[in-house]
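Me: I am new to this one and would like to understand the words people use for it. Could you show it to me and take my questions one at a time?

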Amino acid sequence: MLVDAVTAALAGPLIVAGAAKLLASPGGIDWPVRTGPLRAPWGPRLTGGAEAAMALAIVAVPGRPAALAALLAYLALTAAALGLRGRRCACFGLARLASVGRAHIGLDAVAALVAAVTLAAGPGSEPFTRAVTAAAAAAVTLAAVLLLDRRARRDESAATAAGCDQQVIAVRIYTTDDCPSCRSLKQLLETMEPARRDAVVTVPVGPGEELPGPLSGLGVPCALAVGESGEPVCTPVAGIGAVKALVDGIVIRNARSLPSSGDIRVA
C-alpha cells in the first residue's frame with residue numbers, strides 16, 4: 001500500500017503540469033522550444049497532453065506498469081531539463097517561473113529514482129489509494145506553484161516600481177520571431193510617440209542563438225537600459241510589463257544624440 005501511494009504521488013506534478021499547458025493560452029506561455037514539432041503553439045498542447053496521459057497511466061494502471069510509466073515520464077523530463085538548462089521554463093503553463101537550473105533538474109532526477117525504486121519493489125494494485133494520493137499530490141503541487149507565482153509577481157512589481165534610478169537614453173530589446181509576447185510588445189511600442197520609438201533598438205534573436213551575458217537565463221522579450229556612455233545601466237528586465245516600463249522611463253533627447261545599435265556595448 002505504501003509503495004502504491006508513493007508511485008501515485010509522482011502523478012501529482014504531472015497532472016498539474018499537463019492541465020496547465022492544456023488550459024493556458026499558448027500566446028501567454030513563455031515556451032522555451034523555438035524550433036521543431038514542439039515549438040509553440042502546438043508544443044505546449046502536445047507536451048501537456050503527454051504529461052496528462054502519463055499521469056492517468058500511473059493512476060489507472062496497476063502494478064509495475066504504473067511505476068514504469070512514472071520512470072519513463074521523469075526520465076524524459078530530466079533529459080528535457082538538462083537540454084533547457086539556463087532557459088526559462090513554462091513547466092506549469094506560467095511564464096513567470098525561473099529559468100531551468102540545478103534544482104529543477106535534481107527534482108526530476110529524484111522523481112525518476114523514486115520511480116525506479118518502486119518499480120523494483122513491485123507496487124500493488126489498489127486503485128482507490130492511487131487516486132486519492134495522486135489527487136493530494138496534485139493539490140500540494142498546485143499550491144506550491146501558486147505560491148511561487150505570487151512571489152514572482154510581487155518581486156516583478158517591486159522591481160518595476162523601483163525603476164531605474166539612472167538616466168536612460170535608449171533601450172535595447174531582444175525578441176524572437178516566434179514569440180507571441182514579443183509581437184504584443186511591438187504593438188504597444190507602435191502606439192508610443194516617435195521620439196521614444198526612435199530610442200528603442202530591437203535585436204532579433206535567431207534559433208539557437210544565445211542572449212548576451214547580462215541577459216543569460218531571461219526569457220524574451222527582455223531588454224537592457226542604456227545610459228549616456230552607451231553602456232548598459234541598471235538591471236536587465238524581462239516580460240512585456242517590465243520592458244514597457246523601462247521604455248517609458250527613457251529621457252527623450254534629440255534623435256541625433258541617441259546611440260545607434262552599433263554604439264550600444266553589451267558585455
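Reply: Happy to help; what follows is a set of short questions and answers about this predicted model.

Me: What makes strand β3 largely enclosed by the rest of the structure?

Reply: Strand β3 covers residues 222-226, and five of its five residues are buried, so the strand counts as largely enclosed. Cys222, Leu224 and Val226 point one way, while Ala223 and Ala225 point the other way. In a regular strand, side chains alternate between the two faces of the sheet.

Me: How do you know that β3 pairs with strand β1?

Reply: Two strands count as paired if there are at least two bridges between them. Strand β1, residues 170-175, shares five bridges with β3, in the antiparallel sense, so the pairing holds. As one example of facing residues, Arg172 stands opposite Leu224 in β3.

Me: And what joins β3 to strand β4?

Reply: Four bridges join β3 to β4, residues 232-238, and the two run antiparallel. With at least two bridges needed, these strands therefore count as a pair too. Val226 has Pro232 in β4 as its bridge partner, and Ala223 stands opposite Val237 in β4. The two strands form a hairpin with five residues between them, and Gly230 in the turn has a positive phi of about 90°.

Me: Why is the link between Cys179 and Cys182 called a disulfide?

Reply: The sulfur atoms of Cys179 and Cys182 are 2.5 Å apart. A disulfide is a pair of cysteine sulfur atoms within 2.5 Å, so this pair qualifies. The link is right-handed, with 85° about the S-S bond, and a search of the whole structure finds one disulfide.

Me: Why is Cys222 in no disulfide?

Reply: The nearest cysteine sulfur to that of Cys222 belongs to Cys182 and is 8.2 Å away. The cut-off is within 2.5 Å, so Cys222 is left without a disulfide.

Me: Why are Cys179, Cys182 and Cys222 called buried?

Reply: Buried means under 20% relative accessible area. Cys179 has 4%, so it is buried. Cys182 has 6%, so the same word applies to Cys182. Cys222 has 0%, so it is buried as well.

Me: Is Cys234 buried, exposed or partly exposed, and what makes it so?

Reply: Cys234, which lies in strand β4, has a relative accessible area of 28%. Under 20% would be buried and over 50% exposed, so Cys234 is partly exposed.

Me: What is notable about the backbone at Cys234 and at Pro221?

Reply: Cys234 has a phi near 65°, a positive value in a residue other than glycine. The peptide bond from Val220 to Pro221 is cis, with omega near 0°, and Pro221 sits in the loop between β2 (200-204) and β3. For background, most residues other than glycine have a negative phi, and most peptide bonds are trans.

Me: What makes Leu38 suitable for a surface patch?

Reply: Patch residues need over 30% relative accessible area. Leu38 has 38%, so it passes that cut-off, and it counts as partly exposed. Leu38, Trp42 and Leu46 make a nonpolar surface patch of about 350 Å². Leu38 itself is found in the loop between α2 (11-23) and α3 (42-60).

Definitions and conventions. Residues are numbered from 1 along each chain as its sequence is written. This is a predicted model: local features need pLDDT of at least 70, side-chain atom pairs count only at pLDDT 80 or more; totals for chains, interfaces and linings use all residues. Side-chain values use heavy atoms; hydrogens and water are left out. Patches are made of residues with over 30% relative accessible area and no salt bridge: like charges are joined within 9 Å, nonpolar side chains (Val, Leu, Ile, Met, Phe, Trp, Tyr) within 5 Å. Accessible areas come from the Shrake-Rupley method with a 1.4 Å probe; for residues, only the protein chains shown count as cover. A salt bridge is a side-chain nitrogen of Lys or Arg within 4 Å of a carboxyl oxygen of Asp or Glu. Buried means under 20% relative accessible area, exposed over 50%, partly exposed in between (1.4 Å probe, protein chains only).
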